[in-house]
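Here is a short set of exercises to work through with the model open beside you. Try each task on your own before reading its solution.

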Amino acid sequence: MSISKPLLRLGPTVAAAAALALMPSGPAAADGISVSTTGNTVSVSTTACTRINGHWGTASLLSSGQANFSQGRQVALSGTSAGQSAAWSNVSAGTYTVIVVCSNGSTAGTQSVVVSPAPSPSVSPTASPSRGVMGGVGGGSKDYGTVTAVAGGALVGAGVLGTVLYLRRRNTARPTHL
């Protein structure tokens, strides 16, 4: 009995697909909770809790010096039976532990999270003009005052008068031919 070449090539592909199917997807979940950070906000989500007396449970954010659930910043879970979540804002940089306790008293999970410091804004020089291009408006974009307007009008008038005198003199210097 011999194994054909197409079946030999198919073996590694099937093994890779099986390995990918066993790998978790999305954010890492530890003990039934998923913790993420966005800037200075920490959020947690779970599907492990059930609603009892209108409450899903409570999540607590513990800093490095805190040892138990009651010492942390506590937030009530909100959501639906499909998933519950909680969030803390204005969290300073550091390492924290998130603990979720369901309303029935069971711990849904515990996970550590690192909040990075906010990046400081940096100033970089640019080559573009700060006011943009002001072409084509003939001074209409800025008021230069009465003296500037009169001086500009005088220059325009002198130019028109000079052009008229030049053309008139040119016409009289040529003889007309009929």
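The exercises below concern a predicted model, and each one is followed by a worked solution.

**Exercise 1. Find how many helices and strands the protein has, and the pattern they follow along the sequence.**

Start with the count: the protein holds 2 helices and 9 strands. Next, read along the sequence, where the pattern is α-β-β-β-β-β-β-β-β-β-α. Now turn to burial: of the 178 residues, 17% are buried. For the surface, the protein exposes about 13,200 Å², and carbon and sulfur atoms supply 60% of that area. Finally, look at the contacts with a separation of 6 or more: 53% of them join residues 24 or more positions apart.

**Exercise 2. Work out the strand order of the open sheet formed by 4 strands, and decide whether the pairing is parallel or antiparallel.**

A reminder helps here: strands of a sheet pair through backbone hydrogen bonds, in either a parallel or an antiparallel way.

Step one is the order, which is 5-4-8-9, with antiparallel pairing. Step two is the edges: strand 5 (73–76) and strand 9 (107–115) each have a single partner strand, so one side of each is left without a neighbour in the sheet. From one strand to the next, the twist averages 20°.

Step three is to check individual pairs:

- Strand 4 and strand 8 run antiparallel and are joined by 6 bridges. Leu-61 stands opposite Val-98, and Ala-59 has Val-100 as its bridge partner.
- Strand 8 and strand 9 also run antiparallel, with 8 bridges between them. Here Thr-97 stands opposite Ser-112.

Step four is the connection between strand 8 and strand 9: they form a hairpin with 4 residues between them, and Gly-105 in the turn has a positive phi of about 95°.

**Exercise 3. Identify which residues have the most contacts inside the largest nonpolar core.**

The largest nonpolar core has 19 residues, and those with the most contacts inside it are Val-42, Val-44, Trp-88, Val-98 and Val-100. To see where the core comes from, go strand by strand: strand 2 (33–38), strand 3, strand 4, strand 7, strand 8 and strand 9 each supply at least two of its residues. Strand 8 gives the most, with 4 residues.

Now take Trp-88 and list what it touches beyond four places in sequence. Among these residues are Val-42, Val-44 and Val-98, which also appear in the list of residues with the most contacts inside the core. Trp-88 is also in contact with Ala-59, Ser-60 and Leu-61, as well as Arg-73, Gln-74 and Val-75.

**Exercise 4. Decide whether Thr-46 is buried or exposed, and find the backbone atoms that lie by its polar side-chain atoms.**

First, place the residue: Thr-46 is in strand 3. Its relative accessible area is 4%, and because buried means under 20%, Thr-46 counts as buried. Next, look for polar neighbours. The backbone oxygen of Gly-32 lies 2.7 Å from a polar atom of the Thr-46 side chain, and the backbone nitrogen of Ala-48 lies 3.1 Å from a polar atom of that side chain. Lastly, residues more than four places away in sequence that Thr-46 touches include Ile-33, Leu-77, Gln-84, Val-100 and Ala-108.

**Exercise 5. Determine which residues Val-115 touches beyond four places in sequence.**

Val-115 is part of strand 9, and at 3% relative accessibility it counts as buried. The residues it touches include Thr-37, Gly-39, Asn-40 and Val-42, and also Val-91, Ser-92, Ala-93, Gly-94 and Tyr-96. Ala-93 is worth a closer look: the C-alpha atoms of Val-115 and Ala-93 are separated by 4.8 Å, although the two residues are 22 residues apart along the chain.

**Exercise 6. Find out where Asn-53 and Asn-90 lie, and what phi each has.**

Begin with Asn-53, which lies in the loop between strand 3 (41–46) and strand 4 (57–62). Its phi is near 55°, a positive value in a residue other than glycine. Its relative accessible area is 75%; exposed means over 50%, so Asn-53 is exposed.

Move on to Asn-90, in the loop between strand 7 (83–88) and strand 8 (94–102). Asn-90 is not a glycine either, yet has a positive phi of about 55°. With a relative accessible area of 62%, Asn-90 is exposed.

Technical notes: Residues numbered from 1 in each chain as written. Predicted model: local features only at pLDDT ≥ 70, side-chain atom pairs only at ≥ 80, totals over all residues. Heavy atoms only, no water. Buried < 20%, exposed > 50% of the residue type's maximum accessible area, 1.4 Å probe, protein only. Polar contact = N/O pair within 3.5 Å; in protein donor to acceptor, adjacent residues only side chain to side chain. Contact = heavy atoms within 4.5 Å. Areas by Shrake-Rupley, 256 points an atom, 1.4 Å probe, with all protein chains shown as cover. Pairing = 2+ DSSP bridges. Axes fitted to C-alpha atoms, helices over the stretch in contact; angles between N-to-C directions. Core = buried A, V, L, I, M, F, W, Y, C linked by side-chain atoms within 4.5 Å.
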